[in-house]
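Thanks for sharing this one with me. Here are a few friendly notes to read alongside the coordinates.

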Amino acid sequence: MTHPLPLAIATAVFLAAQPRISTAFPVTVTSCDREVTVTAPPERAIVHGSNLVEIMLALGLEDRMMGYSGRLERDQTARLFPAVADLDQIQREYLTLERILEADPDFYFAGWSYGMRIGGEVTPDSLRRYDIPVYELSESCIRLGQQNRPGFDYLFRDLQNLAAIFGVPERADALIADFHARLAQIVARVARQDERPRVFVYDSGEKVPMTAGGFAMPQAIITAAGGANIAEDIKNSWVRIDWETVAERDPQVVLIVDYGEVPAEEKIAYMRNHAAFSHIAAVREDRFLVLSYDDLTPGPRNIDAVETLANFLMND
């Protein structure tokens, strides 16, 4: 089975079809199912989570951020974006409404399960009462019931919308043009492959593993790299499945998400040493690839992840 070439074409069509958002303010963009309007470029933004922080830094918006919340591996991020050294961590975990109001931001960039929870106290509606606009990470809209498969158009849309909000649309255009050119090269390479290796994304968990379903960003990354996500049929983003399902679907490659308290080496050792997994092709052939949280969640490292995974899958 060959990899579908239309990804490059679809990306080009997306870029050509996007309406040019005026740099004149006010600016209105669509966020999940809402319209978000800003009357001037924000100057005191709070951003939740490392991948969202990196989106802002890729757009050169560090001077518009008052800080961030959530986890962030500063050393890793600093290798790509040295400006992270000047950012303050406002809260280690999800922000409370009280803490946000104390900080007095003029913008919040987060997502559902990326700094906000359905029914939680920090939401676009709750912050609207205090005139704090919120832009939601597009991949996270699945939590609101919007079942659109993730693609790189999600990443491009977020880059374009944020660049419009901050009045720097040309920065998004330059990033997207580079990402598109790199994707087109990868797609041309993997299109010549006869098979799409089966890939299992191992995020975390031993009794019940967390993986990437068909609506999480790794779906787009795996597809572009020439693989097949064994959880593609699950109509959700990050989900828990059972090990029996993993074993039955017999992945040929295990993609380890390296983050949190359990190191990647322990996740690999768990699968290698578990008797029930000895027949799985990836375990038998020791086909494990480690990528970071920021490689596999929406952000500027996604294209790097496609290139790394494509090289790994073709190195048989």
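How many residues lie between strand 1 and strand 2 in their hairpin, and which residue in the turn has a positive phi?

1. Please keep in mind that this is a predicted model. In the hairpin of strand 1 and strand 2, two residues sit between the strands, and the turn residue with a positive phi, about 50°, is Cys32.

2. The two strands of that hairpin pair in the antiparallel sense, over five bridges. Ser31 has Arg34 of strand 2 opposite it.

3. The faces of strand 1 are worth a look. Val27, Val29 and Ser31 point to one face and are buried, whereas Thr28 and Thr30 point to the other and are not buried. In general, side chains in a regular strand alternate between the two faces of the sheet.

4. Back to the turn: Cys32 forms a disulfide with Cys141, with 2.0 Å between the sulfur atoms. Cys32 lies in the loop between strand 1 and strand 2, and Cys141 in the loop between strand 8 and helix 6, so the disulfide ties together parts 109 residues apart in sequence. The count of disulfides comes to one.

5. You may like the torsion here: about the S-S bond of Cys32 and Cys141 it is about -90°, so this disulfide is left-handed. Both partners are buried: Cys32 has 13% relative accessibility, and Cys141 has a relative accessible area of 5%.

6. Finally, a word on helix 6, where Gln160 is found. Gln160 is buried, at 11% relative accessible area. Its C-alpha atom is 14 Å from that of Leu57, and the two residues are 103 residues apart along the chain.

Definitions and conventions: Residues numbered from 1 in each chain as written. Predicted model: local features only at pLDDT ≥ 70, side-chain atom pairs only at ≥ 80, totals over all residues. Heavy atoms only, no water. Disulfide = S-S within 2.5 Å. Helix = DSSP H or I, 4+ residues; strand = E, 2+ residues; numbered from the N terminus. Buried < 20%, exposed > 50% of the residue type's maximum accessible area, 1.4 Å probe, protein only. Pairing = 2+ DSSP bridges.
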